[in-house]
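I opened this notebook to keep a record of what I looked up, step by step, in one structure. The entries follow the order in which I went through it.

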Amino acid sequence: MIKFNIKKGLKGIAQTTVNEENSAERFTKPMPLAFATPMLVSLMDLAAINAVKKNLPEGYISVATKISISHLAATPLGMTVTADATLTDIFKNRLTFQVSAFDEVEKIGEGIVERYIIDLDEFTKKMLKRKKPREVDF
């Protein structure tokens, strides 16, 4: 197995401004015009990606396998949300991050993100071998 230049304590951030495209209304109506939980998950995951991506060898990426967060407060349109991730555990190619998110007023989310380091080419080849037409029996 390849050795990765990854150490506990690596940090990453990701930031966005709440707008109609990332609001709960985008997913279903009626909903509040507030930052959507799926978008919060995505922003926290992006912070975890950003924590390690520059330390990975060429051809390697990390992919999410488990995300568990709590969405603590609603953020209205126009506010900025910043997510941060800290690498807290490494086991072989499994990375665990503590994540949190804040808007301009308070903490709005917290949780754990788990990602695995993979060889993108090998992963893609395996994935495409699994692709076959779906057999439907009605």
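The entries below go from the overall layout to strand pairing, salt bridges, an aromatic pair, a loop residue and a pocket.

**Entry 1: the model and its layout**

I noted before anything else that this is a predicted model, and I kept that in mind for each entry that follows. I then listed the secondary structure and found two helices and five strands in the protein chain, arranged from the N terminus on as β-α-β-β-β-β-α. For the overall dimensions I took the C-alpha trace, which spans about 50 × 45 × 20 Å along its principal axes. I also looked up burial for the chain as a whole, and of its 138 residues, 34% are buried.

**Entry 2: pairing around E5**

Which strands pair with E5, and in what sense? I found that E2 and E5 run antiparallel and are joined by eleven bridges, while strand E4, residues 94-102, pairs with E5 over nine bridges, also in the antiparallel sense. To fix the register I looked up a residue on each side: Ala64 has Arg115 as its bridge partner in E5, and Arg94 has Tyr116 as its partner in that strand. I noted as well that E4 and E5 form a hairpin, with four residues between the two strands.

**Entry 3: salt bridges**

I searched the whole structure for salt bridges and obtained four, among them the three pairs that I describe here.

I began with Arg115, since that residue had already come up as the bridge partner of Ala64. Its side chain meets that of Asp45 in a salt bridge, at 2.5 Å from N to O. Arg115 belongs to strand E5 and Asp45 to helix H1, residues 37-52, so this pair ties together parts that are 70 residues apart in sequence. Are the two partners buried or exposed? I found Arg115 to be buried, with a relative accessible area of 3%, and Asp45 also counts as buried, at 14% relative accessibility.

Next I took Arg94, which I had met as the bridge partner of Tyr116, and found that Arg94 forms a salt bridge with Asp89, the closest N and O atoms being 3.8 Å apart. Arg94 counts as partly exposed at 23% relative accessibility, and Asp89 counts as partly exposed at 28%.

The third pair I wrote down is Glu25 with Lys29, where the closest N and O atoms of the salt bridge are 3.5 Å apart. Here I found the partners in opposite classes: Glu25 is buried, with a relative accessible area of 19%, whereas Lys29 is exposed, with a relative accessible area of 63%. I should add that the limit for buried is under 20%, so the value of 19% for Glu25 falls within that class.

**Entry 4: an aromatic pair**

How many aromatic pairs does the structure hold? My count came to one. The pair is formed by Phe4 and Tyr60, whose ring centres lie 5.5 Å apart with the planes at 70°, so I recorded the arrangement as edge-to-face; the cut-off behind that reading is an angle over 60 degrees. Phe4 sits in the segment before strand E1 (11-17) and Tyr60 in strand E2 (residues 60-71), so the contact ties together parts that are 56 residues apart in sequence. On accessibility, I found Phe4 buried, with a relative accessible area of 14%, while Tyr60 counts as partly exposed at 21%.

**Entry 5: Pro32 in its loop**

I looked up Pro32 and placed this residue in the loop between E1 and H1. Pro32 is partly exposed, with a relative accessible area of 49%. I also checked its separation from Thr75: the two residues are 43 residues apart along the chain, and their C-alpha atoms are separated by 9.8 Å.

**Entry 6: the largest pocket**

My last search was for open space, and the largest pocket holds about 220 Å³. Twelve residues line this pocket, and those nearest its centre are Ile118, Asp119, Glu122, Phe123 and Lys126. Which elements give two or more residues to the lining? I found strand E5 (107-119) and helix H2 (120-130), with the largest share, four residues, coming from H2. Sorted by class, the lining has eight nonpolar, one polar and three charged residues.

Methods
Residues numbered from 1 in each chain as written. Predicted model: local features only at pLDDT ≥ 70, side-chain atom pairs only at ≥ 80, totals over all residues. Heavy atoms only, no water. 1 Å grid on protein atoms, 1.4 Å probe; cavity = no way out; pocket = protein on both sides within 12 Å on 5 of 7 lines; lining within 4 Å. Points joined across faces, edges and corners; volume = space filled by probe spheres on them. Nonpolar A, V, L, I, M, F, W, Y, C, P; charged D, E, K, R; others polar. Phe/Tyr/Trp six-rings, centres within 6.5 Å; stacked < 30°, edge-to-face > 60°. Buried < 20%, exposed > 50% of the residue type's maximum accessible area, 1.4 Å probe, protein only. Pairing = 2+ DSSP bridges.
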